[in-house]
Amino acid sequence: MPREVRDVVFVDGVRTPFGKAGGMYAHTRADDLVIRCIRELLRRNPQLPPDRVEEVAIAATTQIGDQGLTIGRTAALLAGLPKTVPGFSIDRMCAGAMTAVTTVASGIAMGAYDVAIAGGVEHMGRHPMGEGVDPNPRIVAEKLVDPSALVMGSTAENLHDRVPHITKQRTDAFALASQQKTAKAYANGKLQGDLVSVAIRDPETGWGLAGVDEAPRDTSLEKLATLKTPFRPHGKVTAGNAAGLNDGATASLLADEATARELGLPVAMRLVSYGYVGVEPEVMGVGPIPSTEKALRIAGLSIDDIGLFELNEAFAVQVLAFLDHFGIADDDPRVNPWGGAIAIGHPLASSGVRLMTQLARQFAEHPEVRYGLTAMCIGIGMGGTVIWENPHWTASAQEGGDK
Ligand SMILES: CC(C)(COP(=O)(O)OP(=O)(O)OC[C@H]1O[C@@H](n2cnc3c(N)ncnc32)[C@H](O)[C@@H]1OP(=O)(O)O)[C@@H](O)C(=O)NCCC(=O)NCCS
């Protein structure tokens, strides 16, 4: 049967404010964070009849307890979507939500459904990294990977060994810039538009409202230089130049472009290509380099065509390794203009959609930019990259701008 691949668009994305693990969401269920995001997507897009949503993919790295029970299905039901709407769960560790997006986008492209929701959640307070895992002893016994590959901070120290020209001072300066860019973005009201506030209840203090991210902090190069290096004595990775341990959820609405136009849904970004690759697990942070090369190759683009980058800041060293590889300066204004995970937080499987939501907002502000990309490193040695086209792009705006 002849079949055409359809154009897929990112309609809208939202997220809860990200909390510190054990912080403002200590008494809030992970699935309630997802439900809040799905309901907000429906509220913000009233032209979308809920029964036109035909799939819900929600990622979580730890799929037990309140993140288990096929959370894509249960969260959809609890959010009030019709019982006829199916759902499923996804796990690709840090790239869970990114994989949820590319998976449902592929389903839309091949015509399996027209509109889908994709997102992710990680409540690292309720589900600490590695909870319940039982790695096959062969992984280490047969030296398939070095044991350090299972501790993400250690993989970042390993990466430092491979790229000695990336100094601790440079990673700290990058981390400080992330905090400063996020503070500026908050001050200018850039981040608030995609935050959905969450009612939280503390047994001692009662009800409250989570309205902003909990992790960003005022810091300085002097303070960052004094922090401990928990993953290696005299190492380089600290709580200041790494993403923290966080709680949060994201959700996005994707659609076939023709359906989006039929329903009057906004088109925030158009999917161009995506790529995932495996790399050595011991240095998982390099993953976004080959995944970006792959996504660019598939799209027929070069790195110079990319006008905006949303790179997940799992660790400053791995972002800097990416930038060095592609010849991009540490302070290039195209990169993470509103800061990144070092400041905002990285609730593992939710973060991919945060990158996309921020890129979508930036596209609207930059009609001179035609293409942008979202990329992240992934545990056990992988990278993921998604390239997007700006629907607001105009050739005349580009002539007056950079890209
Ligand atoms: C690095 C890590 C171990 C730190 O955890 P933690 O010790 O609970 O972190 P904290 O927030 O308590 O910070 C530790 C200390 O540094 C301080 N600190 C953290 N960030 C700081 C900053 N930007 N500026 C100044 N001080 C900072 C804290 O105040 C704290 O100080 P204290 O010990 O005097 O209280 C943890 O965040 C981690 O594992 N991060 C990586 C997560 C990860 O692997 N994600 C997956 C990526 S693939």
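The following paragraphs describe the ligand surroundings and helix H10 in a predicted model.

The ligand is surrounded by 19 residues, of which Met129, Met152, Arg217, Thr219 and Ala243 come nearest. By residue class, this shell divides into 14 nonpolar, 4 polar and 1 charged. Three of the nearest residues, Arg217, Thr219 and Ala243, also place polar atoms beside the ligand: an oxygen atom of the ligand is found 3.1 Å from an N or O atom in the side chain of Arg217, while a ligand nitrogen atom lies 2.7 Å from an N or O atom in the side chain of Thr219. In the case of Ala243, the backbone is involved, with one of its polar atoms at 2.9 Å from a nitrogen atom of the ligand. Of the 970 Å² of accessible area that the ligand has on its own, 65% is covered by the protein.

Helix H10, which spans residues 316-326, is mostly covered, with 9 of its 11 residues buried. The buried positions comprise Ala316, Val317, Gln318, Val319, Leu320, Ala321, Phe322 and Leu323, together with Phe326. These buried residues pack against several elements, namely the helices H5 (152-162), H6 (168-187), H9 (288-299) and H11 (341-344), as well as the strands S10 (306-311) and S11 (371-378). Met152, one of the residues that come nearest to the ligand, falls within the range of helix H5 (152-162), against which the buried residues of H10 pack. Just after H10, the backbone at Gly327 takes a positive phi of about 70 degrees.

Terms used:
Residues numbered from 1 in each chain as written. Predicted model: local features only at pLDDT ≥ 70, side-chain atom pairs only at ≥ 80, totals over all residues. Heavy atoms only, no water. Near = heavy atom within 4 Å. Polar contact = N/O pair within 3.5 Å; in protein donor to acceptor, adjacent residues only side chain to side chain. Areas by Shrake-Rupley, 256 points an atom, 1.4 Å probe, with all protein chains shown as cover. Nonpolar A, V, L, I, M, F, W, Y, C, P; charged D, E, K, R; others polar. Buried < 20%, exposed > 50% of the residue type's maximum accessible area, 1.4 Å probe, protein only. Helix = DSSP H or I, 4+ residues; strand = E, 2+ residues; numbered from the N terminus. Contact = heavy atoms within 4.5 Å.
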